[in-house]
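Reader: I have a chain in front of me and some questions about it. Can we go through them one at a time?

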Amino acid sequence: HVLATQTLPLKPFKTMAITVDGALDLDLGKEITLLATVLSLSNPGWHNQPMMAEAGRLQVTIDAGVLLGKKLVIKNVELEDCQANLANNGQGESNWAITAGPEEKDETEQKDEPETGIQEPPFQLDRLSVQNCRITHTAPQRDHPLETGITALSMVLQDAGKYLTSLRGVLDETPLKLDGLSGPIRALWQGGRFDHEIKLQTGQVKLESSGSVADTKTLTGANILMTFSGPDIGIVIQNLAMPPFSTGAFDFSLEFDTTGTMTEVDIKGDLGSFEATVDGELDRLLHPTTGNLDLTASGPNLGALAEALGIVGLVPDPFEVHLKSSVKNKRTHIEPLVVKTEQDRVEIGGTVGALPDFYDTNLNIAVHSDNADRWMSARGIDYGPFGVVDSTVKLTINTAGIMTLDGGINQSQNQLEFAGSLGPYPELDQPDFKFKLAVPDLQTTGGLFHVNNLPAASLSITGGANKDASRLNLN
């Protein structure tokens, strides 16, 4: 039993530590119980505030079998009267993401291939109880901090390996309620059947989902019904700190229905001004080997939606998307994918080879823009004006994994043609290609890139490039 202030550094995270200003009790027996009062967790060094989290009381009980080398079983965690200030900075760092710095890495260790999917945690949590806690989240993309108040949160592991979850609180002063039963939790890393039933409501926003999948590794045998509705999707998007790709009332539904070996897919409705419909059937939802899928979607802001999906630099224009696809022997045939705005059109058609190597891929890509300068502005590039731009490319990956490109770009009277190999996919480190550039007026073209004092003459360049070992050869 310790009364004095104790600071416990979190090795190897040298700038973070847990400080206990109250009592610190340790009870040893068949169960080991640690009780701490008035404790705090410091922020990483880059944050301008000293503390990330504070709590009035924390009690953790674990099975003493861990002392005999068994898996850590946390019987109970109780947290009361806490405050957590979560933050993201402009460099992509999060103050709650506890990761070791480069100086802590052992370069002599054998580097294994990264494991995929959810990995089994080194512990089992039987019960969690949180009372009277407040969480704020700040980020550069937020106009104001998002505040979540937890009146009561409980998670209890049931006999069948499922978690019974209950949450009551507020989200930005709007009542928040969550009830759920899901599991067995081990299926998330072992595979096998996983069941869930979740009801989430905050204000008039409601999310309800129930059903099961026969195998979480492949997402086969899915039978799931989900509905999502509310008065304004813009508030949801803002709370999630996502780009504002839509606004307005929304009513969205998703249904997976498995009969035999095929799962029927039915997604329809709207997320405000963004509307989408997906119909078809697949033998499994992850890496399907057979089936078909049709998709149509439209929305007010292509750039914002793309940014929400991790793609930057697209124009903020209204858009439409149309896709018809089929899968056979793990190869996907696209006929074609069309993305269009009022001034642009992209078409991609052909066949995509099986994952993970995409061997035997053949795609035809056509891009047209009536005003390419909008795309330059969206990417922060101060060149132009380019006006109308057209491009066609044939992309192939052969059965040996070699990617080749054959195509061209036309802008006004300027033409660029190219053909050849980029090397094995995905490294693309053995280029061997030829190109031809034709510019009728070098002075005008130079002006597009702010290069002045060039002669008003035509220019033609033909050549090639290839790489052997570490040397790049130009011809």
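Reader: Which residues do ring pairs link into a cluster?

Author: Keep in mind that this is a predicted model. A search of the whole structure finds seven aromatic pairs. Ring pairs join three residues into a cluster: F245, F274 and F319.

Reader: How is the aromatic pair of F358 and Y425 arranged: stacked, tilted or edge-to-face?

Author: A pair of aromatic rings is described by the distance of the centres and the angle of the planes. For F358 and Y425, the centres are 5.8 Å apart and the planes are at 80 degrees. Planes over 60 degrees apart count as edge-to-face. The pair of F358 and Y425 is therefore edge-to-face.

Reader: How many residues apart in sequence are the parts that this pair ties together?

Author: F358 lies in the loop between β21 (344-352) and β22 (361-369). Y425 lies in the loop between β25 (414-424) and β26 (432-439). So the pair ties together parts whose separation in sequence is 67 residues.

Reader: Is F358 buried, partly exposed or exposed?

Author: Buried means under 20% relative accessible area, and exposed means over 50%. F358 has 23%, so it falls in between. Y425, at 30%, also counts as partly exposed. The class of F358 is partly exposed.

Reader: Which element gives the largest share of the largest nonpolar core?

Author: The largest nonpolar core has 29 residues, and F228, I233, F250, L271 and F274 have the most contacts inside it. Several elements each supply at least two residues, including β13 (205-213), α2 (233-239) and β15 (250-259). The largest share is four residues, and it comes from β15.

Reader: Which residue of α2 (233-239) has the most contacts in that core, along with F228, F250, L271 and F274?

Author: F250 touches I233 and V236, among others. α2 spans 233-239. The residue of α2 listed with the most contacts inside the core is I233.

Reader: How many residues does the second, separate core have?

Author: This core is separate from the one just described. Its members include I32, V130, L153 and L167. Its count is 22 residues.

Reader: How many helices and strands does the chain have?

Author: The chain has 475 residues, and 35% of them count as buried. Its C-alpha atoms fill a box of roughly 85 × 55 × 45 Å along the principal axes. The secondary structure comes to five helices and 28 strands.

Reader: How far apart are the mean positions of the positive and negative charges?

Author: The chain has 35 positive charges and 62 negative charges. Each set has a mean position. The distance between these two positions is 5 Å.

Note on methods: Residues numbered from 1 in each chain as written. Predicted model: local features only at pLDDT ≥ 70, side-chain atom pairs only at ≥ 80, totals over all residues. Heavy atoms only, no water. Core = buried A, V, L, I, M, F, W, Y, C linked by side-chain atoms within 4.5 Å. Buried < 20%, exposed > 50% of the residue type's maximum accessible area, 1.4 Å probe, protein only. Contact = heavy atoms within 4.5 Å. Lys, Arg positive; Asp, Glu negative; His and termini not counted. Charge placed at Lys NZ, Arg CZ, Asp CG, Glu CD. Phe/Tyr/Trp six-rings, centres within 6.5 Å; stacked < 30°, edge-to-face > 60°. Lists of a residue's contacts leave out its neighbours within four places in sequence.
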